[in-house]
Amino acid sequence: MMKARIESLRFAFTDIFNTRDDMAKGRVINLTCTLLAAVYNVFITGIFYTGFLTMNDIDISGSGVVLMIPYVANLFSIFSSKALALFKNRKAAMIGSKVFFYFMYIIATTAMPYFVKDPGARLVWFCVILFVAYAAYAPFSPGITVWFYQFFPKDNERRTRYLLLCQVFSSIMSTAILLSSGIITDAVRRSGHQETVIVAFRLLAFVLVLTEVIIQSRAKDFSPDEAAHVRLRDVFTVPFRHRKFLMCMIFMFIFATGNGILNAVRKNLQLIKTPVKW
């Protein structure tokens, strides 16, 4: 009975993830990138990001401004079709924009406080660096999503299984890394090197980003050589012709708004009540 169950699970996995064809290889690459992202996102978001801002003298108000930047800069994503149409090799453009984004988001923000000492000036530079990073990446990020969407299985059952497996492995990986990294950080807190550990984790995250990009670039791009011509006004008008899409977006808007408010409150409470000296 147990052997049959294990064999069934193995088949369920290898039916989706294998190297027999380009589509299955793309799913393997996407799963690998998902796992890598689950690891490095632990080090550059959440409590580690809050700690990074705190150790650079960014107060509650400043943190709110910094956390608002992505929402504003991501509005540039409406120019995605226009931006991608400018490049014959769209794959290289998307990969390059991703490397630039994480270089600015991780390396530039980590290095800047060593040169800028005034807390007010640091806040301004944080905002400028993050805005440039998000604004430059926003037009190309949707292209990466579409690029890997082509590897989704066509039938509903296999597609659901694919998404479920990616989510399960990603959650397990990120939880394990978060717990282990938290233990390491707490272990060195008494030695006075906690800030060094946070910076080291951020540098490790960038190495993992580069590893992910190298793996990601091996996925085949099936998009046509000539990008479809999309008018800017179509971005605002076409979605209103699709009721299911609109209903989905309304639901996502409500969820994202509520989640954003709760996260902002939680981060501020962490800054106020957490008795940890970063």
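A polar contact is a pair of N or O atoms within 3.5 Å; within protein, one of the two must be able to donate a hydrogen and the other to accept it. This definition is needed for one of the close-up views below, all of which show a predicted model.

**Figure 1. The chain as a whole is built from helices.**
The predicted model has 12 helices and 0 strands. Read from the N terminus, every element in the order α-α-α-α-α-α-α-α-α-α-α-α is therefore a helix, as the count of 12 helices and 0 strands states. The chain has 278 residues, and buried residues make up 36% of them. Among contacts between residues at least 6 apart in sequence, 83% join residues at least 24 apart.

**Figure 2. Gln-150 lies in the loop between helix H8 and helix H9.**
Helix H8 covers residues 141–149 and helix H9 covers residues 156–189, with Gln-150 in the loop between them. The relative accessibility of Gln-150 is 16%, and because buried means under 20%, this residue counts as buried. A polar atom of the Gln-150 side chain lies 2.8 Å from the backbone oxygen of Trp-147. This distance falls within the 3.5 Å limit for a polar contact.

**Figure 3. Helices H6 and H7 pack against each other.**
Helix H6 comprises residues 90–111, and helix H7 comprises residues 119–137. Their axes come within 8 Å and cross at roughly 170 degrees. Angles over 145 degrees count as roughly antiparallel, and H6 and H7 are therefore roughly antiparallel to each other. The crossing of the two helices is left-handed. On the side of H6, the contact is made by Ser-97, Lys-98, Phe-100, Phe-101, Met-104, Tyr-105, Ala-108 and Thr-109. On the side of H7, it is made by Phe-126, Ile-129, Leu-130, Val-132, Ala-133, Tyr-134, Ala-136 and Tyr-137. An α-helix has 3.6 residues a turn, so residues three or four places apart point the same way.

**Figure 4. Helix H3 is mostly covered and packs against helix H10.**
Of the 10 residues of H3, 7 are buried. These buried residues are Phe-48, Tyr-49, Thr-50, Gly-51, Phe-52, Leu-53 and Met-55. H3 packs with helix H10 (residues 194–216) at an angle of about 125 degrees, and the two axes are 10 Å apart. This angle makes H3 oblique to H10. The crossing of H3 and H10 is left-handed. Phe-48, Tyr-49, Gly-51, Phe-52 and Met-55 of H3 make the contact with Glu-195, Ile-198, Val-199, Phe-201 and Arg-202 of H10.

**Figure 5. Asp-57 has a positive phi in the loop after helix H3.**
Asp-57 lies in the loop between helix H3 (46–55) and helix H4 (60–73). Most residues other than glycine have a negative phi. The phi of Asp-57, by contrast, is near 65 degrees, a positive value in a residue other than glycine. With a relative accessible area of 46%, Asp-57 is partly exposed.

**Figure 6. Pro-119 of helix H7 is in contact with Asp-57 and Ile-58.**
Pro-119 is found in helix H7 and counts as partly exposed, at 36% relative accessibility. Its contacts with Asp-57 and Ile-58 are those found when neighbours within four places in sequence are left aside. The C-alpha atom of Pro-119 is separated by 9.0 Å from that of Asp-59, a residue 60 residues away along the chain.

**Figure 7. Val-28 of helix H2 is in contact with Phe-17 and Asn-18.**
Helix H2 comprises residues 22–44, and Val-28 lies within this helix. Val-28 is partly exposed, with a relative accessible area of 27%. Leaving aside neighbours within four places in sequence, Val-28 is in contact with Phe-17 and Asn-18. The C-alpha atoms of Val-28 and Thr-14 are separated by 9.9 Å, and the two residues are 14 residues apart along the chain.

**Figure 8. Two cysteines, Cys-127 and Cys-248, are shown with their accessibility.**
A disulfide is a covalent bond between the sulfur atoms of two cysteines. The structure holds 0 disulfides. Cys-127 has a relative accessible area of 13% and is buried, whereas Cys-248, at 40% relative accessibility, counts as partly exposed.

Terms used: Residues numbered from 1 in each chain as written. Predicted model: local features only at pLDDT ≥ 70, side-chain atom pairs only at ≥ 80, totals over all residues. Heavy atoms only, no water. Helix = DSSP H or I, 4+ residues; strand = E, 2+ residues; numbered from the N terminus. Buried < 20%, exposed > 50% of the residue type's maximum accessible area, 1.4 Å probe, protein only. Disulfide = S-S within 2.5 Å. Axes fitted to C-alpha atoms, helices over the stretch in contact; angles between N-to-C directions. Parallel < 35°, antiparallel > 145°, perpendicular 65-115°, else oblique. Left-handed = near helix turned anticlockwise from the far one by under 90°. Contact = heavy atoms within 4.5 Å.
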